[in-house]
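Welcome! Take a moment to look over the sequence and the model, then work through the exercises below at your own pace.

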Amino acid sequence: MSESPESGRILSLPERLAVLYQRLGELPAPRTADEALQQLNTTLEAVEDQHSGVPKDPNPGLKFDGRMYPPRSDFIERKPDGGIVATTKGNMIYASPDGALRITNRRSGGEVYSRAGAAQSAQDRRAAAAAARSTTATQDAQTTAPQQPSAAPAHRKEPPGTSQGRSR
C-alpha cells in the first residue's frame, strides 16, 4: 500500500506542483489579485513544509535549495488596474483584478496553471444556469405544444366493401 501525498512523505518537485495545483483548485475562487496571490503563497508554503524535506529559509537567495518559495516582494509588480505580475525563477504569475490566476513558464511561455477568479466563476455559473433554464424552457415548450397530426401512411388498406375507385 503506497502512502498518499497527504501523509507528509517527501515528494519530487513535479509531484509537489501537482499537489499545489490540486489544493488551489479546492479553494474558493479568489475575488481579487491580492487574494489570488495570497492563496498561492500560503498553499505553496504548506505543500513545501509538508513535502519538500527542506527547512524554510526566512531569506532565500536566488539559488535553488530544493524548496520552492513564493515570489519575493522585489519581484512583484502591482498594476494600475489592480492586477499583479510576479516573477519567479521559472515562472511568471499573473493575478487579474477579478482574482483569476495564470502561471506561465518563463522559458517557453506556455501556460502551467490557470484558474478563474470569483467574478469569472460566478459569471460561468450564471451562464450555466441560464443555459439550463433555456434548455428546460425549450423542453417544456415541446411537451406542451399541440401535437401535429401525423401524415397518413403512403399505402393504406381500405376497409372491406369500400370502393378504391378502380374501374375495369
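## Exercise 1: Strands 4 and 5

Thr104 stands opposite Glu111, which belongs to strand 5. Before going on, two notes on the ground rules. This is a predicted model, in which local features need pLDDT of at least 70 and side-chain atom pairs count only at pLDDT 80 or more, while totals for chains, interfaces and linings use all residues. Residues are numbered from 1 along each chain as its sequence is written, and side-chain values use heavy atoms, with hydrogens and water left out.

**Task.** Find out how strand 4 and strand 5 are joined, and which way they run.

**Solution.**
- Step 1. Locate strand 4 at residues 101–105 and strand 5 at residues 111–115. Helices (H or I, at least four residues) and strands (E, at least two) are DSSP runs, numbered from the N terminus.
- Step 2. The two strands are antiparallel, and four bridges join them. Two strands pair if DSSP finds at least two bridges between them.
- Step 3. Besides Thr104 and Glu111, Arg102 stands opposite Ser114.
- Step 4. Now look at the turn: five residues separate the strands of this hairpin, and Gly109 there has a positive phi of about 80°.

## Exercise 2: The sheet and its helices

**Task.** Work out in what order the strands of the sheet lie, and where helix 1 and helix 2 are placed.

**Solution.**
- Step 1. Five strands make an open sheet in the order 1-2-3-4-5, with antiparallel pairing.
- Step 2. Strand 1 and strand 5 are the edges, each pairing on one side only.
- Step 3. From one strand to the next, the twist averages 10°.
- Step 4. Helix 1 (residues 13–26) lies across strand 4 and strand 5, at about 15° to strand 5. Axes are lines fitted to C-alpha atoms, for helices over the stretch in contact, and angles run from 0 to 180 degrees between N-to-C directions.
- Step 5. Helix 2 packs on the sheet and touches strand 1, strand 2 (84–87), strand 3 (91–95), strand 4 and strand 5. Its direction makes about 140° with that of strand 3.

## Exercise 3: An aromatic pair

**Task.** The structure holds one aromatic pair; identify its two residues and describe how their rings are arranged.

**Solution.**
- Step 1. The partners are Tyr21 and Tyr113, with 4.7 Å from centre to centre and 10° between the planes.
- Step 2. This pair is stacked. Rings of Phe, Tyr and Trp (its six-membered ring) pair if their centres lie within 6.5 Å; planes under 30 degrees apart count as stacked, over 60 as edge-to-face and the rest as tilted.
- Step 3. Tyr21 lies in helix 1 and Tyr113 in strand 5, so the pair ties together parts that are 92 residues apart in sequence.

## Exercise 4: Around Arg67

**Task.** Is Arg67 buried or exposed, and which polar contacts does its side chain make?

**Solution.**
- Step 1. Arg67 sits in the loop between helix 2 (33–51) and strand 1 (76–78).
- Step 2. Its relative accessibility is 3%, so Arg67 counts as buried. Buried means under 20% relative accessible area, exposed over 50%, partly exposed in between (1.4 Å probe, protein chains only).
- Step 3. The side chain of Arg67 makes a polar contact of 2.5 Å with that of Asp49, and reaches the backbone oxygen of Val54 at 2.9 Å. A polar contact is a pair of N or O atoms within 3.5 Å; within protein, one must be able to donate a hydrogen and the other to accept it, and residues adjacent in sequence count only if both atoms are side-chain atoms.

Technical notes: Contact = heavy atoms within 4.5 Å.
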